[in-house]
Amino acid sequence: MGELLAGTLGIEKQIVSVELGDRFAVRPAGDHAKDQRVPLAIGGEHLADLSIALYQSLDRSGAHLKTGVDSVPGWDRVIQEGRVRWRTRQFRSAVRDLQVEAADVLEKEGWALVPPPVIREAHLEPYRRW
C-alpha cells in the first residue's frame with residue numbers, strides 16, 4: 001500500500017497492520033484519525049483527504065488472509081447518487097462560468113434563448129488551474 005501511495009500520489013506514508021479483534025486493519029500509521037489520512041492534491045492545491053484501511057481476516061482454515069471492505073446495504077446506490085450530485089454541481093458551475101458557451105450549445109440543440117440585458121464575462125480562473 002505504501003508503494004502504491006508513493007508511486008501514484010508521491011506521498012510517503014508508513015503503513016501499519018493493527019489487530020482489531022479477529023481481523024487486522026492495514027492503514028497509514030498514526031495515533032489519531034487525522035494523522036492516518038492521505039492528502040490529495042491536484043496541481044499543488046489540496047483537494048481532499050483519503051481515509052484508507054484494508055481489512056484482513058483469516059479464512060476458515062486459519063491458513064490464509066482474506067480481504068474485505070466494510071459496507072452497509074445500499075452502498076452502491078449512495079455512491080451513484082453522490083456522483084450525480086457532484087457532476088450536476090460541476091455542470092451548474094460550468095454553465096454559470098461559461099454562459100455564452102452554454103447558450104451556444106443549447107441553441108445548437110434547438111433551444112430558443114433570450115439573452116440577459118448584460119452578458120457576464122466568462123469566469124475562466126477555475127479553468128486555468130487544476
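**Exercise 1.** Leaving aside its neighbours within four places in sequence, with which residues is Asp97 in contact?

*Solution.* The model is predicted, with local features needing pLDDT of at least 70 and side-chain atom pairs pLDDT 80 or more, while totals for chains, interfaces and linings use all residues. Residues are numbered from 1 along each chain as its sequence is written, and side-chain values use heavy atoms, without hydrogens and water. Taking contact as heavy atoms within 4.5 Å, and setting those sequence neighbours aside, one finds Ala122, His123, Pro126 and Tyr127 in contact with Asp97.

**Exercise 2.** Place Asp97 in its helix and examine its charge environment.

*Solution.* Asp97 belongs to helix α3, residues 75-97, where a helix is a DSSP run of H or I with at least four residues, numbered from the N terminus. Asp97 is buried, that is, under 20% relative accessible area with a 1.4 Å probe and protein chains only. Asp97 nevertheless has no salt bridge, a term that requires a side-chain nitrogen of Lys or Arg within 4 Å of a carboxyl oxygen of Asp or Glu. The nearest side chain of opposite charge is that of Arg96, 4.8 Å away, with Lys and Arg counted as positive, Asp and Glu as negative, and His and the chain ends not counted.

**Exercise 3.** Set Asp97 against the chain as a whole.

*Solution.* The chain has 130 residues, of which 10% count as buried. Its secondary structure comes to 5 helices and 6 strands, a strand being a DSSP run of E with at least two residues, and from the N terminus the elements follow the order α-β-β-α-β-β-β-β-α-α-α.

Notes
Buried < 20%, exposed > 50% of the residue type's maximum accessible area, 1.4 Å probe, protein only.
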